[in-house]
Amino acid sequence: MWFQGKGLRTIAKLYVINERRIMDTLAPDYVAKLRSETAKSIDWTSSLKILAEYFPHKAESLAWKRSGNYQVDRADQRRPTFRVTCARADERIGEASRHNFKSPDAAVQFGLGIADVTGWRTDLKDPDIDVLLHIASDDVMFGIQLTQEALHRRNVVALGRTPLIGTICYSLAYLANIQPGDVVVDPMCGGLSVPLEGALNWPAAYFLGGEMHEQGVQNSDTNLRSVNKGHGKTISVDILRWDVTRLPLRSASVDVILCDLPFGKKVGSPLQNQVLYPKALHEMARVTRKETGRAVLLTADKGGLKTASLVFLSFYLCAFFSPGKILKFRLCKETRHGRKQSWCTSTRVEFG
Ligand SMILES: C[S@@+](CC[C@H](N)C(=O)[O-])C[C@H]1O[C@@H](n2cnc3c(N)ncnc32)[C@H](O)[C@@H]1O
């Protein structure tokens, strides 16, 4: 597909937006109207043309090729299939000003309306047309998905318990501003998803992944072999088994730490994080280079990370007595994604 390999490393799905409207999504009959009014008022011709252009093999099943119209005869056995996915967010303050419906309800009603008008059949598994209903407070977009496979599914074949999707792995590495020759370490690498994404996109840097559990090390090995096979070359990644709280690395030898920390949900617990995080941060700070060393950490346990950062108070004190130690610690960038993805907090930490 044309969009593969085009540098869209942080994009999971691509859509053609057919229309955008400001709507009263708080109206009690909003969802009912999605079927009775909204679906009827949308002309899908332009976005379906684009879909057919990029998926010529699908064009036969997309009706206008035969009839010149996307509305089809219900008796036609070859009429196209579709499904609707509703993505919804409402950041408005106060219960009364929030949506009083659930995303699946909106998707079902909009889908019923589309079927009424177009004659398309529903297929929730492998549809010809993937319709998007995107509702952000009052801002509503109607679109059609261009990507068949989500683009974030890449690199890893051995998934482990908490595989991080490729788009977020790329984002972590991007935030770290990796330079040619940098030594980049993921000290809790799980199945190696972050170092693999990094090595593929920053080939002039050296990547090292470490993991405590044997299964994670094995998964890392499997994933590295799979990526090397897929790309027909050997990428610059090494794997070690270690404990992040006792890293077998020299002090001030690492340029960048990238780490998807255990959130304390599937792996560990918030209580365990209270012990693990300060020790891990301490080791990360020790091994990173003075002045230029930096780390990008991902966790949902924001409180745990902030508390752990108190460990750096000792570095402030140390700094007075030992100029070679880390002088300061600051949380310099914090990104909270939308309400739905609020599990994801990425924090860039600068040591120096
Ligand atoms: C959130 S997962 C990382 C997942 C990884 N990014 C992936 O996509 O597979 C955190 C990892 O830290 C590992 N871990 C937990 N405690 C550790 C420790 N003390 N030293 C090294 N690794 C540890 C866990 O085994 C787990 O694989």
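**Helix α7 and its surroundings**

I will start with helix α7, residues 193-201, where 8 of the 9 residues are buried, so the helix is mostly covered. Before I go on, note that this is a predicted model.

Which residues of α7 are buried? They are Ser193, Val194, Pro195, Leu196, Glu197, Gly198, Ala199 and Leu200. What do these buried residues pack against? Their partners are two helices, α6 and α8 (214-231), and the strands β6 (183-186), β7 (206-211), β8 (237-241) and β9 (256-260).

Now the strands on either side of α7. β6 and β7 are paired through 4 bridges and run parallel. One pairing to look for on screen is Asp186 with Gly209, its bridge partner in β7. Together, β6, α7 and β7 form a β-α-β unit, and its hand is right. The next step along the chain goes from β7 through α8 to β8, again a β-α-β crossover, and this one is right-handed. β7 and β8 are parallel too, with 5 bridges between them. Here you can look for Glu211, whose bridge partner in β8 is Arg241.

Next, helix α6, one of the elements that α7 packs against. α6 covers residues 166-175, and its buried residues are Gly166, Ile168, Cys169, Tyr170, Leu172 and Ala173. As a general point, an α-helix has 3.6 residues a turn, so residues three or four places apart point the same way. Just after α6 comes Asn177, which has a positive phi of about 55 degrees.

Stay with Ala173 for a moment. Leaving aside residues up to four places away in sequence, what does Ala173 touch? The list is Ile178, Val194, Glu197, Gly198, Asn201, Trp202 and Leu258. Of these, Val194, Glu197 and Gly198 have already come up as buried residues of α7.

Ala173 also belongs to the largest nonpolar core, which has 47 residues. The members that touch the most others in that core are Leu172, Ala173, Ile257 and Leu258. Helix α9, residues 270-287, supplies the largest share of this core, with 7 residues. There is a second core, separate from that one, with 21 residues, among them Leu34, Leu51, Ile129 and Phe142. In soluble globular proteins, nonpolar side chains tend to be buried together.

On to the loop between β5 (139-145) and α6, where Thr162 sits. Is Thr162 buried, exposed or partly exposed? Thr162 is partly exposed, because 15 other C-beta atoms lie within 10 Å, and a residue counts as buried only at 20 or more, and as exposed at 12 or fewer. Beyond residues up to four places away in sequence, Thr162 touches Gly190, Lys266 and Val267. Thr162 and Gly191 are 29 residues apart in sequence, with 8.6 Å between their C-alpha atoms.

Gly190 and Gly191 bring us to the ligand. How many residues surround the ligand? There are 20, and the closest are Met188, Gly190, Gly191, Ser193 and Met212. Ser193 is one of the buried residues of α7 as well. By type, the shell around the ligand has 9 nonpolar, 8 polar and 3 charged residues.

Last, the whole chain. The protein chain has 11 helices and 12 strands. Of its 352 residues, 34% are buried. Among contacts between residues at least 6 apart in sequence, 73% join residues at least 24 apart. The contact between Ala173 and Leu258 is one you can find on screen.

Key:
Residues are numbered from 1 along each chain as its sequence is written. This is a predicted model: local features need pLDDT of at least 70, side-chain atom pairs count only at pLDDT 80 or more; totals for chains, interfaces and linings use all residues. A nonpolar core is a set of buried Ala, Val, Leu, Ile, Met, Phe, Trp, Tyr and Cys residues joined through C-beta atoms within 7 Å. Two residues are in contact if their C-beta atoms, placed from the backbone, lie within 7 Å. A residue is near a molecule or strand if its C-beta atom, placed from the backbone, lies within 6 Å of it. Ala, Val, Leu, Ile, Met, Phe, Trp, Tyr, Cys and Pro count as nonpolar, Asp, Glu, Lys and Arg as charged, and the others, Gly among them, as polar. Two strands pair if DSSP finds at least two bridges between them. A crossover is right-handed if, with the strands pointing away from the viewer, the path from the first strand over the helix to the second runs clockwise.
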